[in-house]
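Visitor: Could you give me a close look at one part of this model, and then work outward from there? I'd like the residue names and the numbers as you go.

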Amino acid sequence: MLLLGGAGTYVWADTRLNHQVDLGALGARVPAGEGTTYLVVSSDSREGLSEQDRKDLNTGSAEGRRTDSVILLHTGASGATMLSLPRDSWVTFPSYVDPGTGRSHRAAPDKLNAAFSLGGPDLLVRTVERNTGVRVDHYAEIGFAGFVGVVDAVGGVDLCLDKAVRDEDSGADLPAGCQTLDGAEALAFVRQRKQEAQGDLGRTRNQQRFLAALARKAATRSTLADPSKSFPTLDAGLDTLIVDEGTELPDLMGMFEALRKATGGGGRRLNVPVADPDLRTSKGSAVKWDDRRARALFDALREDRLPG
């Protein structure tokens, strides 16, 4: 898309990047691995949404940001791998200081999603690294408004559903069969989980499936060659995008290419291996990873090997 508009578009897009996360200031971290790993986060930030938008999209009125999806996207000599980490994963937080109160907290177990809500992207990155052993090279986060805008800008995304999807909380009300989802419908689809037999695990599979369809649509010649679609798509994507200070446009282009490969025929879409999808904890039901199988998968990502 940047090539279509030349240097002017590149400069415009570069100035739109919102560098809010400083990975270099996180202190002690796991060693760097082979290849490049992105932590891609979809947040429920309402920034950019009017009160009517919030009502129409069933986003509620909660302030702040929480994670709706957490994905490790790895690319290297072994190809591209997209690994979803359920937001209810039962993990161990590193010790941290609450950015709002200044209060110190010891390392303790909790749900992965809570890392983001309690300590923002910094604590989320540190928690992911501590529990996977995989170094995060780049961070990218997009909010509700940006997600909806991208889907609408490409003219909707085609998806075939085996059964009707209805969820009061997310607002999903989709019939069975093949259809084109607009931004609001797509957001409701990827957020719903109560209808899924495997809850949070079912949601991560839906998210991967939808991202694959979105990547295919965004990469089609009809989208890339049509400025009325390509530029609004770029604009919408940058609108609520938050990245780390080391991420520049070439890194984002590399991330999109890795996403396209991972969701296409030349890559892999995986979920972290799970031992118990309904672990009873002090924080409610959580997802317990299969430690042995998960460790083997994380080792493969870190060493840029094909997952066994």
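Guide: Let's fix one word before zooming in: a residue counts as buried when its relative accessible area is under 20%. Keep in mind too that this is a predicted model.

The part to zoom in on is helix 4, which spans residues 144-153. Which of its residues are buried? They are Phe144, Ala145, Gly146, Phe147, Val148, Val150, Val151 and Ala153. That makes eight of the ten, so helix 4 is largely enclosed by the rest of the structure. Just past the end of this helix, the backbone does something worth a click: Gly155 has a positive phi of about 85°.

Now zoom out to the sheet. Seven strands make up an open sheet with mixed pairing, in the order 1-14-9-2-3-4-15. Why do strand 1 (18-21) and strand 15 (267-271) each have a side without a neighbour in the sheet? Both stand at the edges with a single partner strand, so there is nothing in the sheet on the other side. From one strand to the next, the twist averages 25°.

Pick out strand 3 (residues 67-76) and strand 4 (residues 79-84) next: six bridges hold this pair, in the antiparallel sense. One bridge to look up is that of His74, whose partner in strand 4 is Thr81. Lying across strand 3, strand 4 and strand 15 is helix 6 (residues 200-218), which runs at about 160° to strand 15.

His74 turns up again in the lining of the largest cavity, which has a volume of about 50 Å³. If you filter at 30 Å³ or more, the structure holds one cavity. Its lining also includes Gly33, Glu34, Asp137 and Arg302. Strand 2 (36-43) and helix 10 (291-302) are the elements that give two or more residues to that lining. Sorted by class, the lining has two nonpolar, five polar and four charged residues.

One last stop is a hairpin: strand 16 and strand 17, with two residues between them. Strand 16 covers residues 274-281 and strand 17 covers residues 284-289, and five bridges join them in an antiparallel run. Among the bridge partners, Thr281 has Gly284 in strand 17.

Key: Residues numbered from 1 in each chain as written. Predicted model: local features only at pLDDT ≥ 70, side-chain atom pairs only at ≥ 80, totals over all residues. Heavy atoms only, no water. Pairing = 2+ DSSP bridges. Helix = DSSP H or I, 4+ residues; strand = E, 2+ residues; numbered from the N terminus. Axes fitted to C-alpha atoms, helices over the stretch in contact; angles between N-to-C directions. Contact = heavy atoms within 4.5 Å. Buried < 20%, exposed > 50% of the residue type's maximum accessible area, 1.4 Å probe, protein only. 1 Å grid on protein atoms, 1.4 Å probe; cavity = no way out; pocket = protein on both sides within 12 Å on 5 of 7 lines; lining within 4 Å. Points joined across faces, edges and corners; volume = space filled by probe spheres on them. Nonpolar A, V, L, I, M, F, W, Y, C, P; charged D, E, K, R; others polar.
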